[in-house]
Amino acid sequence: MLYFVHSYNIDLEHAIVFRGPDSSFFGYSVLEHYHDNTRWVLVGAPKANSSYSSSLHTPGAVFKCRVHSNPERRCTEMDLGRGNKPRESCGKTCQGDRDDEWMGVSLARQDKPNGKILACAHRWKNVFYDSEHILPHGYCSIIPPTLQGRTQALIPCYEDYKQKYGEEHGSCQAGMAGVFTEELVIMGAPGSYYWTGTVKVYNLSSNTFYNPNKVDVDSHRYSYLGYAVTAGHFSSPNVIDVAAGAPQHGGEGKVYIFRIDGVSLVKIFQASGKMMGSYFGSSLCGVDLNLDGLSDLLVGAPMHSTLRDEGQVSVYLSKGNGVMEEAGLLNGDDAYSAHFGECITAIGDIDDDGYQDVAIGAPKEDDYGGAVYIYHGDVTGIVNKYSMVETLSMVRHNK
């Protein structure tokens, strides 16, 4: 008698669990890091108090949790070198206020061996003018690969003598989303231009900032462009392009892909959501699903509804030169109010078939218990459980 058995290398029964301070939002962002043969899980806790900044009110913190040789599963707060002062001088007309800045709201790692870390606090404020409208510019730190030592500050929305709230970058909240490639630091700034939003891209090598070409972007207030960002080889295997979501655009949401041209980000692709209020573009993931050297794009719409907020993810396969083909929709279990697609991330080739895999979160499934779905890359793009269930294309893991 023959039995057909599927094997899988994710242990769902013996998970390593790290815990942080109560009410700190520990786990709001999570990142794997490795340096000198040591593996870490870095965890953002944007509502935490900081032991290195004890005079501040819940500025947030980033914790490092060693994966091996850590039997107590203990995590320690990282010293970002910013001291204990609630106010910090940051320019000619800049006085930073760190209370409730949400450090750790986003984390990203430089795409190379022994890469640096990007940690952001989108609610960091410039209070120099002491007006009724504070200026939540947002602040990011570039952290060395060793996770200690001097950090580099980035305040991409600050400009001398600019004091108007809402207009230009007065409320940009840079770093709400972030990506770190080998050379580029990409920060979403959804509050710029009265919440039209924008993307701030910084080149570490040339010390240059790139901004979207305004002609290419529909300037609708409250679009929230930059709510989500990602990067990838969308136009060519040798070129890094930038993708950004605007989940409130026109009520249906929108996503753009930009290529770098001079100091501008020039639009090469755009797509719109298909349902009012679905929040299409609020999560993005660039990953080469079919191993053709080009990055494909997954776009989350976590409030897409049949009954109520089941959520949905659209898959776009890259054909090169900015041509993206809509190749299918993912729905998880279509669970009521699941918010499937609220977060999407590439997780590498976990089943050793040569193709990249992705994990998609549904944080409100099972009465807020949450679930994670894993989909596998394939020569056709992505394997959908409903069309190829026999391949174990999806594994569901309740938290």
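# Two sheets, a disulfide and a cavity

Over residues 211-265 the chain is 42% strand and 0% helix, and the C-alpha atoms at the two ends of this span lie 6 Å apart. The model described here is predicted. The span 211-265 comes from UniProt, where an unreviewed entry places the feature "repeat: FG-GAP" at residues 11-74, 211-265, 266-325 and 326-384. For residues 11-74, the model has 33% strand and 0% helix, with the end C-alpha atoms 21 Å apart.

## The eight-stranded sheet

An open sheet is built from eight strands in the order β12-β13-β14-β15-β19-β18-β17-β16, and its pairing is mixed. Which strands stand at the edges? They are β12 (178-180) and β16 (228-232); each has a single partner strand, so one side of each is left without a neighbour in the sheet. Ignoring direction, neighbouring strands of this sheet are turned by 25° against each other on average.

Strands of a sheet pair through backbone hydrogen bonds, and the pairing is either parallel or antiparallel. Strand β14 (residues 198-203) runs antiparallel to β15, and three bridges join them. Within this pair, Asn 203 stands opposite Thr 208 in β15. The hairpin of β14 and β15 has four residues between the strands, and Asn 207 there takes a positive phi near 55°.

Strand β15 (residues 208-212) also pairs with β19 (residues 264-272); these two run parallel and are joined by two bridges. Asn 211 stands opposite Ser 264 in β19, and Pro 212 has Leu 265 of β19 as its bridge partner.

## The four-stranded sheet

Four strands form another open sheet, in the order β1-β2-β3-β4, with antiparallel pairing. Its edges are β1 (29-35) and β4 (75-77), each with a single partner strand, so one side of each is left without a neighbour in the sheet. From one strand to the next the twist averages 30°.

Strand β3 (residues 61-66) pairs with β4 in the antiparallel sense over three bridges. Lys 64 has Thr 76 in β4 as its bridge partner.

The residue pairs named in the two sheets are listed below.

| Residue | Opposite residue or bridge partner | Strand of the second residue |
|---|---|---|
| Lys 64 | Thr 76 | β4 |
| Asn 203 | Thr 208 | β15 |
| Asn 211 | Ser 264 | β19 |
| Pro 212 | Leu 265 | β19 |

## A disulfide between β3 and β4

How many disulfides does the structure hold? There are four. One of them is formed by Cys 65 and Cys 75, with their sulfur atoms 2.1 Å apart. Cys 65 is in strand β3 and Cys 75 in strand β4, 10 residues apart, and the pair links distant parts of the chain. The link of Cys 65 and Cys 75 is right-handed, with 110° about the S-S bond. A disulfide is a covalent bond between the sulfur atoms of two cysteines.

## The cavity

Rolling a probe the size of a water molecule over the atoms shows where empty space is left. A search of the whole structure finds one cavity of 30 Å³ or more. The largest cavity has a volume of about 110 Å³. It is lined by 16 residues, of which Ser 50, Ser 53, Glu 77, Leu 80 and Arg 98 are the closest to its centre. By class, the lining of the largest cavity comprises six nonpolar, five polar and five charged residues.

Conventions:
Residues numbered from 1 in each chain as written. Predicted model: local features only at pLDDT ≥ 70, side-chain atom pairs only at ≥ 80, totals over all residues. Heavy atoms only, no water. Pairing = 2+ DSSP bridges. Axes fitted to C-alpha atoms, helices over the stretch in contact; angles between N-to-C directions. 1 Å grid on protein atoms, 1.4 Å probe; cavity = no way out; pocket = protein on both sides within 12 Å on 5 of 7 lines; lining within 4 Å. Points joined across faces, edges and corners; volume = space filled by probe spheres on them. Nonpolar A, V, L, I, M, F, W, Y, C, P; charged D, E, K, R; others polar. UniProt positions renumbered as here; feature names shortened; annotations may be inferred. Disulfide = S-S within 2.5 Å.
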